[in-house]
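This report looks at how the nonpolar cores and one of the sheets are put together.

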Amino acid sequence: MTFDLRVLSLAVVLAHAGCHDGGDVDPSTTSASDGPTAGSSSSGDPGTSGSGSSGSTESGTSAADSSGGESTTGEPDAIELGAVCPLGERIGEVTILAVDEVSASLYGRIFDKPDPWIGPAELDNGSCAYHAFQPGGCQGCSAPQVCAYDGSCVDPRLAFTDATLTVDDGSGEVVIEADPITGDLYGGVAADVAAVTLTLHFGTVDVALPPLGLAADLPDLTTMLQGDSTAPTAFDATWTARDDDSRVHTVIPINHHAQGPTFTVCDVPSSAGAFHADEGMLAPLAVVTGLEYQGTWVSNTAAVHTALGCVDVRLGREVDAP
């Protein structure tokens with residue numbers, strides 16, 4: 001197995017993350033540079049991509065450090081193949097995305113609780129959902145607390161800096177250890193293998209997933225924006241439906257000049273053949289210099305449910321770039 005231990009840019013959505021949180025990696029979840037770590041930072045991605053900062057600071061303690069290295073996470077309750085985590089329950093994600101026909105980039109990060117910046121969707125049509133965050137909702141939180149989506153002051157979420165990810169693409173196991181400061185898990189794997197086996201450890205949780213392959217391409221996927229980038233009225237993606245448990249998703253964050261975890265995420269089974277976001281889900285994002293579509297991905301997925309929350313796993317590729 002060949003590993004490329006470079007730091008990865010999280011301009012995709014995580015997120016997924018149901019997608020922000022990467023992301024995400026996506027704007028529905030905290031990005032690699034925005035989340036709480038063993039150093040200090042602000043909370044904030046849907047699924048994967050930078051979601052800005054609120055000015056709230058973290059306590060400077062990792063999840064492993066905060067309890068003397070012990071955790072009460074326990075064993076995973078369930079692993080749902082073909083599913084994704086509800087955003088309000090997602091504590092992290094592991095994403096493998098094909099770079100070309102032979103190589104893929106891996107990124108992961110796990111927290112001790114869901115992202116406090118992400119609340120219930122304000123709009124949801126079954127295929128796409130719009131999440132908004134109102135900056136300034138808190139009148140000021142005393143450190144180390146941060147401002148949550150509902151205006152309350154809450155403890156920051158903390159990255160597991162003791163996490164490890166064991167990856168086996170058929171040529172042997174490689175163990176990736178989390179960055180001791182940020183908690184990031186990153187590397188590279190082969191994209192041209194039949195399946196990858198992942199074993200995730202954080203706190204006291206050990207999750208052995210069944211072998212998963214990278215989702216096959218969607219060569220006929222098309223996307224269409226109605227209106228224009230400064231006044232969008234609808235966004236549609238269509239493709240030939242297939243029944244293979246893969247999913248198609250995108251996360252569109254608010255314009256980067258506005259910052260903040262306000263975004264629209266679309267995430268559906270490939271069997272749906274389409275998703276649609278309407279004007280109410282797009283117009284609030286198209287501020288300053290307009291809508292910033294991030295791309296669309298197809299992935300084989302798993303939702304790993306634990307006592308602390310849910311971890312998204314996605315293996316796939318970008319099928320439509322902005």
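Two strands count as paired if DSSP finds at least two bridges between them. In this predicted model, the bridge partner of Asp 168 in strand 10 is Glu 173, and strand 9 and strand 10 pair in the antiparallel sense over 5 bridges. Both strands belong to an open sheet of 4 strands, which are arranged in the order 10-9-12-13 with antiparallel pairing. Strand 10 (173-177) and strand 13 each have a single partner strand and stand at the edges, so one side of each is left without a neighbour in the sheet. On average, and with direction ignored, neighbouring strands of this sheet are turned by 15° against each other.

The largest nonpolar core has 30 residues, of which Ile 96, Leu 165, Leu 198, Leu 200, Phe 202 and Val 313 touch the most other members. Several strands each supply at least two residues of this core, among them those in the table.

| Strand | Residue range |
|---|---|
| Strand 3 | 90-98 |
| Strand 9 | 164-168 |
| Strand 12 | 197-202 |
| Strand 13 | 205-208 |
| Strand 20 | 310-320 |

Strand 3 gives the most to this core, with 4 residues. Apart from the largest core there is a second, separate core of 24 residues, which includes Cys 128, Leu 218, Phe 275 and Met 281.

Which residues is Leu 200 in contact with, leaving aside its neighbours within four places in sequence? The partners of Leu 200 are Val 94, Ile 110, Thr 164, Leu 165, Leu 185, Val 205, Asp 206, Val 207 and Val 311.

Methods: Residues numbered from 1 in each chain as written. Predicted model: local features only at pLDDT ≥ 70, side-chain atom pairs only at ≥ 80, totals over all residues. Heavy atoms only, no water. Core = buried A, V, L, I, M, F, W, Y, C linked by side-chain atoms within 4.5 Å. Buried < 20%, exposed > 50% of the residue type's maximum accessible area, 1.4 Å probe, protein only. Contact = heavy atoms within 4.5 Å. Axes fitted to C-alpha atoms, helices over the stretch in contact; angles between N-to-C directions.
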